[in-house]
Amino acid sequence: MPATAGRADFPTPTGLMKVADKQDSLRVSSSSSGPMPQPSGGGEYDLVLPWCVRLVAEDGRSTFVCGMNWYGPGILGHENRTFGAVGLSTEDARWFFDHVQVGDLVSVVNQDRSAPGDIGHD
């Protein structure tokens, strides 16, 4: 699955993480502490992200995997643009949401964006 992840100034936590919970939609705004914290450069937003899965590492670091349909094929798999979450197409986020269960382990791996990054599935 082509994905986008955290920008250099908001890196996505990596390592082995456990699925902590799942929400079919998650409202985030520039005043919330969800998967998209307020960037220091400003910019207001109020979004509902579909098919969100929260991942938590043993040391407490966490991130979300959510549908971020405003990123198209030119970004997904090619550039990291988020504030730390993993962004997928809505369809791929739904597949991931449907196939992981709370308690499953997921390995989040940093990959050089010079090569497309994919989360594989059959």
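Helices (H or I, at least four residues) and strands (E, at least two) are taken here as DSSP runs, numbered from the N terminus.

**View 1. The whole chain, a predicted model with 1 helix and 5 strands.** Start at the N terminus and the elements go β-β-β-β-α-β. The chain has 122 residues, and 42% of them count as buried. Take the contacts between residues at least 6 apart in sequence: 66% of those join residues at least 24 apart. On the outside, the chain exposes about 6,600 Å², with carbon and sulfur atoms supplying 51% of that area.

**View 2. Confidence along the chain, with a look at residues 113-118.** The mean pLDDT comes out at 84, and 80% of the residues reach 70 or more. Residues 113-118 are another story, with pLDDT below 50. In the model this stretch still has 17 contacts beyond near neighbours in sequence. Where pLDDT is low, the predicted coordinates should not be read in detail.

**View 3. The largest nonpolar core, built from 17 residues.** The members that touch the most others are Val19, Val53, Leu55, Val65, Leu88, Phe96 and Val106. At least two residues each come from β1 (15-29), β2, β4 (86-88), α1 (90-99) and β5 (105-108). β2 gives the largest share, 4 residues. Zoom in on Leu55 and, leaving out residues up to four places away in sequence, you'll find it touching Met17, Lys18, Val19, Arg61, Ser62, Thr63, Val65, Val106 and Val108. Apart from the largest core lies another one, of 12 residues, including Leu26, Tyr45, Tyr71 and Ile75.

**View 4. Trp70 and Tyr71, a tilted ring pair.** The structure holds 3 aromatic pairs, and this is one of them. The ring centres are 5.5 Å apart and the planes meet at 45°, so the pair counts as tilted; that label covers angles that are neither under 30 degrees nor over 60. Are the two partners buried or exposed? Trp70 has 40% relative accessibility, so it counts as partly exposed. Tyr71 is at 14%, so it counts as buried.

**View 5. Phe97 in helix α1, with Lys22 over its ring.** The charged end of Lys22 sits 4.7 Å from the centre of the Phe97 ring. Phe97 itself counts as buried because its relative accessibility is 12%, and the cut-off for buried is under 20%. Setting aside neighbours within four places in sequence, Phe97 is in contact with Lys22, Gln23, Asp24, Trp51, Cys52 and Val53. One of these, Cys52, is 45 residues away from Phe97 in sequence, yet the two C-alpha atoms are 6.9 Å apart.

**View 6. Ser89, in the loop between β4 and α1.** With a relative accessible area of 16%, Ser89 is buried. Which residues does Ser89 touch, not counting those up to four places away in sequence? They are Gly67 and Leu76.

**View 7. Glu58, in the loop between β2 (46-57) and β3 (62-67).** Glu58 has 87% relative accessibility and so counts as exposed; the cut-off for exposed is over 50%. Look across to Leu16, which is 42 residues from Glu58 in sequence. In space, the C-alpha atoms of Glu58 and Leu16 are 8.0 Å apart.

Notes:
Residues numbered from 1 in each chain as written. Predicted model: local features only at pLDDT ≥ 70, side-chain atom pairs only at ≥ 80, totals over all residues. Heavy atoms only, no water. Phe/Tyr/Trp six-rings, centres within 6.5 Å; stacked < 30°, edge-to-face > 60°. Buried < 20%, exposed > 50% of the residue type's maximum accessible area, 1.4 Å probe, protein only. Lys NZ or Arg CZ within 6 Å of the ring centre and 35° of its normal. Contact = heavy atoms within 4.5 Å. Areas by Shrake-Rupley, 256 points an atom, 1.4 Å probe, with all protein chains shown as cover. pLDDT = per-residue confidence, 0-100. Core = buried A, V, L, I, M, F, W, Y, C linked by side-chain atoms within 4.5 Å.
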